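Me: I would like to go through this model with you, one question at a time, and have each answer reasoned out before the result is given.

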Amino acid sequence: MQVSSVNDVKIYNLSHGKSLPEWLSDRKKRALQKKDVDIQRRIELIQDFEMPTVCTSIRVSRDGQYVLAAGTYKPRIRCYDVHQLSLKFERCLDSDVVTFDVLSDDYSKLVFLHFDRYVEFHSQHGHYYKTRIPKFGRDFSYHYPSCDLYFVGASSEIYRLNLEQGRFLNSLQTDATEINVCDINPIHHLFAAGTLEGKVECWDPRVRSRVAVLDCALSSVTEGTEVEGLPSVSALKFNGSLGIAVGTTTGQVLLYDLRSSHPLLVKDHYYGLPIHSVHFHEQLDLVLSADSKIIKMWHKDNGKMFSSIEPSTNINNVCVYPGSGLLFTANEDPKMNTFYIPALGPAPRWCSFLDNLTEELEENPESTVYDDYKFVTRKDLDNLGLTHLIGSPLLRAYMHGFFMDIRLYHKVKAMANPFAYDEYRKEKIHQKIEASRAQRVQLKKLPKVNKELAIKLMEEGEGVLSAKKKKSKGTTNILSDDRFKVMFENPDYQVDEQSEEFRLLNPIVSKVGQKRREKIHKLVEQEALHKQDEEDEELEGRASSEEESSDDDKSWVEEMREQRRLLQAEQKQRRFKEWKQQDRNTTLQISDPVKNSQPQAQGQSQPQFYQLKAGEEFRSFGDVARKQKMQKTSLEERLKLEEGSGMLNLTDTAVGSKQLTFTLKKTEKQRNQLQAEREHHEERRKIRRAAGHLYTRARGRGRGRGRGRGRF
C-alpha cells in the first residue's frame, strides 16, 4: 500500500506493490510472502484483480456486489464478487470491447459493443445473442422506460434497438457528421449526444425529436486557454435533473445548467488530452474528471482544487464505487488500480477493515528513523575526535559511516570548533563581495597558445558568429574542458595558419583573421589595465566586433580558387629560387687530380681540359656538373629536382593530401630499340602486297543446291 497526500488529502493506493505470477505454486507463494517484505506489506483487496495485458473499461453492478472489467489480450470479461473478494467467472470474447454496460442489478444481463460493429448480449449462463449495427459504434445508452438501446458512432444517425420487440426501430437523424458519446438523464430521461463538431444535441425519446442544441466548442475556449483544433465532445454526464458536465478533446470540462446556453464553469486540465470520464460526488459537491494522465477532484461551484491522483500508467476508464471513497481505474497496465480516499467517504461494507487500517495509520504516524540522527564518516569522527566511540551504542554503523545523535553532534562540534561563528561570518562577507564583483564587466582572459582559436570559440559561444555556427554544440565548453587544456598551454599545439592544409581547409579564415588580431590586442590591453587597478576601479565594457554573416557557396568557391592560385604561384617562386641557388653553388670539377692540385693565382683565368668516359656524349658542362652533384644529394632533394624537370608531378588534393606521379627516364639503349622497331614497322608497311585481285566469281550464299542465283 502506498500513501500520498495531495492538498492535505490522504490517498491510499491499495494496488501498490509486487504482484505474484500466476504460474507459481501455493508453496512458493507462501515462501515468498515470508521472505519478501514488500509482498508482506501489500494489500490484495480483491484477489487476481488484473488483466493479462490491458484493461479498457470497468463497471460496478447496481447492487454493488459485482465488479466487472473488460480487457485484452485475448479479449475477455472478468467478474469479481466483492463478498468473496475473488474472481467469480471469466469469459473470452471474439473481439475487443469498446464499452459495455450492466442492464440488471447483478451480472445476469450484460451488453457489449465491439470494435467490429457487433453488439453482444450475455445472460447469467453466458453468451445469449449477437447482432450488428450499420456503422462502427463508439458509445451506447439504455433507456429503461422503453427498453431501447441508443447506439452512436461514426455516423450522423442514432440507431435504436428495442429489446422488448427484438428489432431495430427508426433511427434518429442528427446534423452532426459523427457522434462520440451519449448519455440519458436518470430523472426525466432526456437523451444527449456529443458530436464531433463540439455540440450537444438533446432529444426527447417520447416524441423522437430534437429539443435543443448546445454549442460547447466556442464556450470551452476561455481567456488563457490554448487549443490546437476544434474541441469535440468526448465525455457526457448528467447531474440531477438540470445539471450536465461536458468533457472536450482539448482537456476542458464545462458545467451547464440545461436552462442556459452559457457554461456555469469551465475547468481546464492543462494537459491538452481528451476527457474520457466525468463523475459527480453528491455529498461534497465535487466533480471527478479524468484524462489519460490524471484524475482531478474539484468543487463544482468555484472550480477550486480538492485533490488529484496521477498514476504511473495511462488511464483508460474510472469507476467510483457508489456511496464510498473507493475508486477503480482501468489502466494501460495488467494491474487495475484501487484507490481509497477517506475524505470522499467511508469504505464499503465488504472492506470495512480499510477504515480501521487508515485510522491506525493516522493515529500512529511512522516517523522517519533517521530524523534525529546525523550521518558521519570516519573522517568526520577524526576531525571531531570521536574515534574512540566506534563500537559503542552512541554510534550505529551504517554503510560507509555511522549514525550519531544529532544533539551530541552539535555539542561536540561547538566544543571542537569554537570559532565557527567567525568562519561563518567571513564566509558570508566573502559571498557578498563575490556577488558584487559579478555585477561588474567580466573580462575575458586569453590563453598563452592559440589565442585566435580561443577568440573564435568565445564568439561562437556568445552567438557573435552566424546562425549556422550557433547550432553547433560542444564548442562553448572546450576552453574549460580539461581534455583540451594542453592545446592552449603547449606551444607544440600552435596552429600554423600559413601551412597549405590550413589555407585550403579554411579559405574564409583570412577574412576575419585581421579583426580577431585587433580584438586580441584590445583584450591584452584590458587585461593589463585590469591588473593595475583590479580592486579600486571598475572597467567599462568595450563594444564587441560587428557580426559577420557567412559567405554563400559562390564566394566560398571563389575564395578556394584564389587560395589555390596563390599556393601555385608561391610554389613556382620557391622552385625558381632553388634552381637559381643551385646554379650559383654549381662548381666544375676537373677530371685530372694532378691539375686540380696545382695552385692558381687569384684573378687569372686559364683554360681547363676535361676527359670524357667511353660511350658518353658531350652535352654541356652544366649537365656533367649536375650529374655529379645528383650522386651526392639526398632522396628529398632529388625528388624536388625531378619535379622541376617534369619527371615528377606533385599535386595537392582538395582535402590537403599529396599526389605523386613519376615519369621514368629512358636509357640510350631503350631509345635505340624503340627507333629500330619503328623503322622495322615502316619497312614492312612499304613491302606489303595488295590482295584485291583475289576474289571468287560465284556469288551464291552457300553450298545449298537450287538456292540463290549465282553466276558461273
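Reply: Before we begin, a residue counts here as buried when its relative accessible area is under 20%, and the model in front of us is a predicted one.

Me: With that cut-off in hand, which residues of β8 are buried on one side and which on the other?

Reply: Strand β8 spans residues 110-114, and five of its five residues are buried. Both faces of the strand are therefore covered under the 20% limit. On one side lie Leu-110, Phe-112 and His-114, and on the other lie Val-111 and Leu-113.

Me: Which residue is the bridge partner of Leu-113 in β9?

Reply: Strand β9 covers residues 118-122 and runs antiparallel to β8, with four bridges joining the two. The two strands form a hairpin with three residues between them, and Arg-117 in that turn has a positive phi of about 75°. Within this pairing, the partner of Leu-113 is Val-119.

Me: How many bridges pair β7 with β8?

Reply: Strand β7, residues 97-102, pairs with β8 in the antiparallel sense, and Val-102 has Leu-110 as its bridge partner in β8. The number of bridges over which β7 and β8 pair is five.

Me: Is Ser-141 buried or exposed, and what does its side chain reach?

Reply: Ser-141 is placed in strand β11, residues 137-143. Its relative accessibility is 8%, which is under the 20% limit, so Ser-141 counts as buried. Leaving aside neighbours within four places in sequence, Ser-141 is in contact with residues including Asp-148, Tyr-150 and Asp-183. At 3.4 Å, its side chain reaches the backbone oxygen of Cys-182.

Me: Which residues have the most contacts inside the largest nonpolar core?

Reply: The largest nonpolar core has 24 residues, and β3 (54-60), β4 (66-72) and β28 (326-331) each supply at least two residues of it. Ile-58 touches, among others beyond four places in sequence, Phe-49, Val-67, Phe-100 and Phe-328. Those with the most contacts inside this core are Ile-58, Leu-326, Phe-328 and Trp-350.

Me: Which residues form one aromatic cluster with Phe-328?

Reply: A search of the whole structure finds 11 aromatic pairs. Phe-328, already named for its contacts inside the largest nonpolar core, belongs to an aromatic cluster whose other members are Phe-49 and Tyr-80.

Me: At what distance from the ring centre of Phe-100 does the charged end of Arg-59 sit?

Reply: Lys-130 lies over the face of Tyr-118, at 4.5 Å from the ring centre. The charged end of Arg-59 likewise sits over a ring, that of Phe-100, and its distance from the centre is 5.4 Å.

How values were computed. Residues are numbered from 1 along each chain as its sequence is written. This is a predicted model: local features need pLDDT of at least 70, side-chain atom pairs count only at pLDDT 80 or more; totals for chains, interfaces and linings use all residues. Side-chain values use heavy atoms; hydrogens and water are left out. Rings of Phe, Tyr and Trp (its six-membered ring) pair if their centres lie within 6.5 Å; planes under 30 degrees apart count as stacked, over 60 as edge-to-face and the rest as tilted. A charge sits over a ring if NZ of Lys or CZ of Arg is within 6 Å of the ring centre and within 35 degrees of the ring normal. Buried means under 20% relative accessible area, exposed over 50%, partly exposed in between (1.4 Å probe, protein chains only). A polar contact is a pair of N or O atoms within 3.5 Å; within protein, one must be able to donate a hydrogen and the other to accept it, and residues adjacent in sequence count only if both atoms are side-chain atoms. Contact means heavy atoms within 4.5 Å. A nonpolar core is a set of buried Ala, Val, Leu, Ile, Met, Phe, Trp, Tyr and Cys residues joined through side-chain atoms within 4.5 Å. Two strands pair if DSSP finds at least two bridges between them.
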